[in-house]
Amino acid sequence: MSNITALKFFEFIEPYYALIKAKDYEEAVKKYIEVVAGEEDEFDELLKECKLVPELYAIVKFSQAVGEDGKLSDVEEIVEVLESDEPEVLLIDGCLL
């Protein structure tokens, strides 16, 4: 299986769950702080929480997630997001919505 994107997938469990597509750990943490939670002074703590996950794991997890409307995303939407080379938060803890 060829890489969908040049970016990697990172998962955070604490303090809030997030699955993020980014080029490296640092970019993933910055995106987490920007979109999910945290402050710049917590960067090192969040870096410890950031785990690189396999591409297939991320794809399956992202494709099985339901949106705020309670529905799964269209396959075309999923592929478009995964093929993009832009860093992005793919999944976020539901309590933050």
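A residue is taken as buried when its relative accessible area is under 20%. K31 sits at 18% relative accessibility, so it counts as buried. That call, like everything else here, rests on a predicted model.

The sheet makes a handy starting point. It is an open one, built from 4 strands in the order β3-β1-β2-β4 with antiparallel pairing. At its edges stand β3 (51-53) and β4 (88-92); each has a single partner strand, so one side of each goes without a neighbour in the sheet. From one strand to the next, the twist averages 30 degrees.

Strand β1 (residues 8-12) pairs with β2 in the antiparallel sense over 5 bridges, and a hairpin of 5 residues joins β1 to β2. Within this pairing, F9 stands opposite K21 in β2. On to the other partner: β2 and β4 are paired in the antiparallel sense too, over 4 bridges, with L19 standing opposite L91 in β4.

Two helices deserve a mention next. Helix α1 (residues 25-36) packs on the sheet and touches β1, β2, β3 and β4; the direction of α1 makes about 130 degrees with that of β2. Helix α3 (residues 55-64) lies across β1, β2, β3 and β4 as well, running at about 65 degrees to β1.

As for β2 itself, the strand is mostly covered, with 5 of its 5 residues buried. A18, I20 and A22 point one way from β2, while L19 and K21 point the other way, and all are buried. The charged residue in that list calls for a closer look. K21, found in strand β2 (residues 18-22), is buried yet has no salt bridge. The nearest side chain of opposite charge belongs to E88, 4.4 Å away; a salt bridge needs the nitrogen within 4 Å of a carboxyl oxygen, so a pair at that distance is not counted. What the side chain of K21 does reach is the backbone oxygen of E86, at 3.5 Å.

Salt bridges do turn up elsewhere, and the structure holds 2 of them. In one, the side chains of K61 and E11 meet at 3.6 Å, N to O. This pair links distant parts of the chain, with K61 in helix α3 and E11 in strand β1, 50 residues apart. The two ends get different labels for accessibility: K61 counts as partly exposed because its relative accessibility is 31%, whereas E11, at 9%, counts as buried.

The other salt bridge brings the story back to K31. E34 forms it with K31, and the closest N and O atoms are 3.6 Å apart. Both residues lie in helix α1, 3 residues apart, which is about one turn of the helix. Here E34 counts as exposed because its relative accessibility is 60%, while K31 is buried, with a relative accessible area of 18%. Leaving aside its neighbours within four places in sequence, K31 is in contact with I20, V36, P87, E88 and V89. Among these contacts is E88, the residue whose side chain is also the nearest of opposite charge to K21. I20, another contact of K31, is one of the residues that point away from β2 on the side opposite to L19 and K21.

Note on methods
Residues numbered from 1 in each chain as written. Predicted model: local features only at pLDDT ≥ 70, side-chain atom pairs only at ≥ 80, totals over all residues. Heavy atoms only, no water. Buried < 20%, exposed > 50% of the residue type's maximum accessible area, 1.4 Å probe, protein only. Lys, Arg positive; Asp, Glu negative; His and termini not counted. Polar contact = N/O pair within 3.5 Å; in protein donor to acceptor, adjacent residues only side chain to side chain. Pairing = 2+ DSSP bridges. Axes fitted to C-alpha atoms, helices over the stretch in contact; angles between N-to-C directions. Contact = heavy atoms within 4.5 Å.
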